[in-house]
Amino acid sequence: MPPAGSCPRAEVRMAQVVVVGGGPIGLILACEVALHGVPVVVLERLPEIETHPKAEGITGRAIDILDRRGLMIGVDGTPAQPTAGERARIALGERRADSLQPKAFPGARHFATMFVLRPESPDLLVPQQVLEKELAGRAAELGVEVRRGHTLTGFTQDGDGVRLDVDGPDGPYRMEAGWLAGCDGGRSTVRKLAGIAFPGTDGITTGYRAFAEIDDPDFHLPGWFRKDNGLLVYEEGPPRFITLEFIGPPANRDAPITREEFQESLRRLSGTDVTVTKVHKINRFTDNERQAETYRQGRILLAGDAAHVQSQWSGPGLRLGLGDAVNLGWKLAAVARGQCPEDLLDTYTSERHPVGAQTLEVQRASIALMRPGPHVDALRRLLTHLLLDEDTNRRLTAVVDDLHIRYDMGDPSLTGPLVGLYCPDLRLKDAGGTVRLAELQRTGRPLLLDLADDPGLRALAEPWSGRVDVVTAECADAPADALLIRPDGFVAWSTPAGETSLPDALARWFGNPART
């Protein structure tokens with residue numbers, strides 16, 4: 001790898017923001033920055049979107065995030081949800097055979113394969129590749145330049161910017177950028193070159209997720225089954241499998257996965273001599289849990305799996321990464337445009353790092369609860385009964401789905417009791433009709449909702465009119481008379497805090513109006 005500054009080609013290409021990694025997190029971060037008129041280049045080492053199995057659904061807060069940008073609208077992937085009585089019967093063990101998921105309840109959510117959680121809204125069951133394609137289309141609409149087959153090989157940074165060495169299809173070249181965001185996965189080149197520590201715990205499992213054909217479709221009952229040596233998931237039509245064994249991490253995660261390797265795992269868990277006749281798609285995984293010590297180092301930022309890796313159960317990676325991207329995007333754009341000081345970017349780590357740390361704890365607990373053995377069996381039975389309590393169930397579901405997040409934005413007595421919480425999708429009515437808050441947030445701009453028709457409030461916000469949209473409307477379920485909502489959907493100021501504190505909140509998050 002040539003050191004930065006020794007690139008053999010003299011050509012230098014300029015970019016205000018460079019995002020390394022063209023998966024869903026890199027693409028949505030690029031879109032978030034581009035929404036504010038900041039030019040973005042995405043470098044993706046792969047020539048095309050990967051086809052092997054990845055996340056198979058969008059859950060919890062991730063659904064809200066995409067809705068507020070007008071993404072995945074009209075995509076039908078939502079299953080029916082079980083009733084409270086059905087969830088209770090699942091929890092109490094009225095299952096077909098020994099399956100963890102009866103066929104009668106296909107929409108049940110799970111924690112550690114215990115199908116008793118109550119989501120606020122149904123999951124959107126669509127493959128990650130569908131989301132990636134839609135995000136690629138949105139990025140093109142916003143003028144984001146996505147360079148596939150381009151690999152970052154080195155960089156240096158100083159107070160003025162970042163100089164990158166890139167290896168492209170036509171050879172190496174150099175780039176200069178104001179900011180560099182690493183969204184390049186758990187083995188992030190950006191994170192490693194920046195020297196950001198990545199502490200955590202090693203995996204204790206080896207798992208496979210596969211779409212495959214077998215010689216005997218009746219080799220095992222369909223469903224989710226906790227075995228003496230791990231977990232077996234078998235779903236019919238087309239056949240889908242998940243195997244998980246507590247045998248330590250894979251010796252080499254990069255090695256090609258053979259049909260025989262997956263077949264042996266399936267045989268050990270099922271106790272049969274089933275033969276895998278054909279594998280269509282497969283990936284190998286483990287449960288290592290790691291988090292970057294910081295998400296920002298100077299002009300280098302990390303998001304998604306580059307900032308944290310975790311086990312795949314309950315699909316936290318995509319949801320957590322999307323939350324990173326929408327938290328960072330508008331802040332990075334404001335700093336890149338010179339509207340806000342660089343220390344605004346420090347709030348990205350202070351807000352998102354604790355969320356990532358808690359997610360890793362939840363995932364470690366989930367893996368621990370799937371271990372075989374009578375002691376864990378007893379713990380699962382106890383927790384299952386506790387989850388029959390509606391309040392307990394909702395609290396755990398909120399944590400699993402990232403619905404519990406509250407950022408520390410200062411003294412609530414000065415900024416309002418709702419500050420730091422995610423604003424619900426309010427229905428707002430004005431002379432033009434009724435509109436959802438989610439629809440107003442499609443532009444990615446901050447909103448000041450005046451729900452009490454207060455001209456004094458609007459006058460205070462006037463100096464920020466070029467950056468903040470003021471909406472005067474009626475709201476039957478208004479949580480306050482006025483709300484300042486950041487582009488990521490979180491409340492930055494609300495009544496009954498005094499109106500005189502509104503300019504302070506506007507300046508803190510969206511810059512001094514005198515600066516352009």
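**Helix faces, a sheet and salt bridges**

Tutor: Let's start with helix H14 (residues 502–510) of this predicted model. In H14, Leu502, Ala505, Leu506, Trp509 and Phe510 are buried.

Student: Why are the buried residues of H14 said to line one face of the helix?

Tutor: Looking down the axis of H14, the buried residues fall within an arc of 100 degrees, so they line one face. The general rule helps here: an α-helix has 3.6 residues a turn, so residues three or four places apart point the same way.

Student: What do the buried residues of H14 pack against?

Tutor: Their partners are helix H7 (316–336), helix H8 (346–370), S21, helix H13 (455–461), S23 and S24. After H14 comes Gly511, with a positive phi near 90 degrees.

Student: S21, S23 and S24 are strands of a sheet. What makes S22 and S24 its edge strands?

Tutor: The sheet is open, its four strands running in the order S22-S21-S23-S24 with mixed pairing. Strand S22 (469–472) and strand S24 (491–494) each pair on one side only, and that makes them the edges.

Student: How do you know that S21 and S23 pair?

Tutor: Pairing needs at least two bridges. Strand S21 (residues 447–450) and strand S23 (residues 482–485) are joined by four and run antiparallel, so they count as paired. One of the bridges links Asp450 to Ala482 in S23.

Student: Why is the contact between Glu351 and Lys331 called a salt bridge?

Tutor: The cut-off is 4 Å between a side-chain nitrogen of Lys or Arg and a carboxyl oxygen of Asp or Glu. For Glu351 and Lys331 the N to O value is 2.9 Å, so the pair qualifies. Glu351 lies in helix H8 and Lys331 in helix H7, so the salt bridge ties together parts 20 residues apart in sequence.

Student: Are Glu351 and Lys331 buried or exposed?

Tutor: Buried means under 20% relative accessible area. Glu351 has 4%, so it counts as buried, and Lys331, at 0%, is buried as well.

Student: What makes Glu342 partly exposed?

Tutor: Its relative accessibility is 36%, which falls between the 20% and 50% limits, so Glu342 counts as partly exposed. Glu342 forms a salt bridge with Arg296, at 3.3 Å between the closest N and O atoms. Arg296 is buried, with 15%.

Student: What does the salt bridge of Asp67 and Arg436 tie together?

Tutor: Those side chains meet at 2.8 Å, N to O. Asp67 lies in helix H2 (residues 61–67) and Arg436 in strand S20 (residues 433–436), so the pair ties together parts 369 residues apart in sequence. Both Asp67 and Arg436 are buried.

Definitions and conventions: Residues numbered from 1 in each chain as written. Predicted model: local features only at pLDDT ≥ 70, side-chain atom pairs only at ≥ 80, totals over all residues. Heavy atoms only, no water. Helix = DSSP H or I, 4+ residues; strand = E, 2+ residues; numbered from the N terminus. Buried < 20%, exposed > 50% of the residue type's maximum accessible area, 1.4 Å probe, protein only. Arc of directions from axis to C-beta. Contact = heavy atoms within 4.5 Å.
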